[in-house]
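Me: I'd like to go through a structure and ask how each label gets earned. Can you take me through it step by step?

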Amino acid sequence: MSFVSQSCLLEEKDICRTSKDFTDDVSKAVKYFLPTEIAVHNTEIDCWISYHDVVYDLTDLCKIWANKREIKPILAYAGKDISHWFDHEKNDIKHYIHPVTGVLVPYCPHGPIPDVTPSVVPCNTWRPLDKCPWWLDEKYKKGYLTKNARPCRILNVLVGVQVIIMNFAKVCEEDSIRRIQERALIYNENGKSYTWKFEGKDLNIDLTLTENGIPDERDRFVACGLPEDYYIPCLMCYYNEKSNNNTDE
């Protein structure tokens, strides 16, 4: 005898959408995050996690389950990756056959978690989950983990100030120049008033570094026996006074 996975008992077409559906529907404006960016969201009032390359903001879930036993495993992994909790192919919590009862039960090595009933003995009080579990709920999805964190330099030509976005805060390979501008606002709040160029050519702010002809060449440097930071591409920022004046008007 076995219990059926809770999420399998849901009418997923009506209640839930899979990660694949989310991937198919998102626009190019979807955000990518670095592991270091997720790591700073590690408290009960600001809780992010990731699994299977998707980033989730579970702050609201923490509020709903505040002071309950089930939320403790999530808080313990706040700011971290929990892919090992899930079956990638089924997009569901891992299950195992209980060695004594022979029942298919959720695998919760860190204790019970929200929306999971870790029953090991069949009973007449068991009921399937009547809502979308949090790991399938789109409202918690924040974006995606980057496949490649790469360094770049940003030079403010007006004042000659250079920012190297490398070790502390790299940029995502998937970031458009517009997104990199947003990241650089912590160094210059007027960053969007600049024209961004590379080797004298205007950059298309809706394209990535690679799409703008700025590849990540670190592997080539290492293959040649050079340090990976032998050369870091430099984006030149030219102050657009006319654009700024129009904004002020």
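Reply: Sure, here are some labels and the reasoning behind them, and keep in mind that this is a predicted model.

Me: Why is Cys-172 called buried?
Reply: Its relative accessible area is 1%. Buried means under 20%, so Cys-172 gets the label.

Me: What about Cys-132, is that buried or exposed?
Reply: Cys-132 has a relative accessible area of 11%. That is under 20% too, so Cys-132 counts as buried.

Me: How many disulfides does a search of the whole structure find?
Reply: Zero. To be called a disulfide, a pair of cysteine sulfur atoms has to be within 2.5 Å, and the search of the whole structure comes up with none.

Me: What makes Asn-67 exposed?
Reply: Asn-67 has a relative accessible area of 79%. Exposed means over 50%, so the word fits. You'll find Asn-67 in the loop between helix 4 and helix 5 (72-76).

Me: And why is Asn-91 called buried?
Reply: The relative accessibility of Asn-91 is 12%, which is under the 20% cut-off, so buried is the right word. Asn-91 sits in a loop as well, between strand 5 (86-87) and strand 6 (92-93).

Me: What is notable about phi in Asn-67?
Reply: Phi is positive there, about 65 degrees, although Asn-67 is not a glycine. Asn-91 also has a positive phi, near 55 degrees. Here's the background: most residues other than glycine have a negative phi.

Me: Which residues touch the most other members of the largest nonpolar core?
Reply: That core has 27 residues, and the ones touching the most other members are Leu-58, Leu-61, Ile-74, Ile-82, Phe-86, Trp-134 and Trp-135. Strand 3 (46-51), strand 4 (54-57) and helix 4 (59-64) each give two or more residues to this core. Strand 3 gives the most, with three.

Me: What is Ile-82 in contact with, leaving aside its neighbours within four places in sequence?
Reply: Ile-49, Ser-50, Tyr-51, Tyr-77 and Trp-134. Contact here means heavy atoms within 4.5 Å.

Me: How do you know that strand 11 and strand 16 pair?
Reply: Pairing takes at least two bridges, and strand 11 (residues 152-156) and strand 16 (residues 234-239) have four, so they pair, in the parallel sense. For instance, Ile-154 has Leu-235 as its bridge partner in strand 16.

Me: In which sense do strand 14 and strand 16 pair?
Reply: Strand 14 (residues 194-198) pairs with strand 16 in the antiparallel sense, over four bridges. Trp-196 stands opposite Cys-237 in strand 16.

Notes
Residues numbered from 1 in each chain as written. Predicted model: local features only at pLDDT ≥ 70, side-chain atom pairs only at ≥ 80, totals over all residues. Heavy atoms only, no water. Buried < 20%, exposed > 50% of the residue type's maximum accessible area, 1.4 Å probe, protein only. Core = buried A, V, L, I, M, F, W, Y, C linked by side-chain atoms within 4.5 Å.
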